[in-house]
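Hi everyone, thanks for making time for this. I'd like to walk you through one structure, starting with the terms and then going from the whole chain to a single helix.

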Amino acid sequence: MSTSSPRAVGRRERNKQDKLDRITVAARELFTERGIDDVTTQEIADRADIGSGTLFLYARTKGELLMLVQNSDYADALARGTAAADAAPDVLDAVVAIIGPIVACNRVRVDNGRTYLREMVFGDPAEPHHREALAMNAQTENAIAEVLQRDGRFRSGDATTLARIVSAIMLACLAPTVNAARTVDDLIAEIRRQIAVLLR
């Protein structure tokens with residue numbers, strides 16, 4: 001028979017959430033200030049006012065901490081993009097409306113954004129923060145596929161395939177070192193040009 005009451009379990013969950021929130025805020029602040037490469041996990045633990053052992057219960061590596069932070073920002077960007085797509089006048093504009101905030105989110109700090117993409121592609125898909133990133137990528141592709149079916153030109157299967165290609169175009173524009181100095185507007189314009197050719 002369990003001796004824990006619902007109130008005790010609730011308090012434990014609230015404490016866990018409080019620590020997770022503090023870790024997320026601390027990691028976001030430090031990664032934004034200095035970039036992932038110049039921040040240590042001990043600095044994040046210190047700013048979150050927890051022990052380093054506790055930190056590793058929530059994320060085992062700096063890469064996982066970055067995933068935790070970026071996933072939250074990515075979810076907000078995707079929500080803004082899908083809302084903007086509803087008001088877009090045509091399919092191409094709607095697709096670009098979805099990806100625009102995601103590109104901007106990825107470029108807040110270029111080194112963090114590129115590391116996030118690398119972690120998402122090559123990280124352990126069983127790790128919770130990586131799994132969440134992959135799920136949001138799938139949500140992005142689903143949102144794009146829905147938009148592509150808007151005018152009846154593409155059936156569901158073709159729209160899904162095209163959405164994956166759009167996702168690959170975005171990754172190919174954001175990840176390379178050669179594009180590190182390009183602005184958000186430049187990258188969105190380049191992605192738009194490639195999508196326009198794809199949709200002809």
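Before we talk about packing, one cut-off: two residues are in contact when they have heavy atoms within 4.5 Å of each other. Please also keep in mind that this is a predicted model.

Let's begin with the whole chain. The protein chain has nine helices and zero strands. Its C-alpha trace spans about 60 × 45 × 30 Å along the principal axes. Of its 200 residues, 40% count as buried. If you take the contacts between residues at least 6 apart in sequence, 66% of them join residues at least 24 apart.

For those of you who think in surfaces and charges, the accessible surface comes to about 10,600 Å², with 53% of that belonging to carbon and sulfur atoms. There are 26 positive and 28 negative side chains, and the centres of these two sets lie 3 Å apart.

Now to the helix I'd like you to look at, α7, which covers residues 128–148. Its 21 residues, at 1.5 Å each, should span 30 Å, and because the end C-alpha atoms are 30 Å apart, the expected span and the model agree. At the start of α7, a side-chain oxygen of Glu127 comes to within 3.1 Å of the backbone nitrogen of His129.

So which helices do the buried residues of α7 pack against? They pack against α3, α4, α5, α6, α8 and α9. The buried residues themselves include His129, His130, Ala133, Met136, Asn137, Thr140 and Glu141. Further along the list come Ala143, Ile144, Ala145, Val147 and Leu148.

Notes
Residues numbered from 1 in each chain as written. Predicted model: local features only at pLDDT ≥ 70, side-chain atom pairs only at ≥ 80, totals over all residues. Heavy atoms only, no water. Helix = DSSP H or I, 4+ residues; strand = E, 2+ residues; numbered from the N terminus. Buried < 20%, exposed > 50% of the residue type's maximum accessible area, 1.4 Å probe, protein only. Areas by Shrake-Rupley, 256 points an atom, 1.4 Å probe, with all protein chains shown as cover. Lys, Arg positive; Asp, Glu negative; His and termini not counted. Charge placed at Lys NZ, Arg CZ, Asp CG, Glu CD. Expected span 1.5 Å × (residues − 1). Polar contact = N/O pair within 3.5 Å; in protein donor to acceptor, adjacent residues only side chain to side chain.
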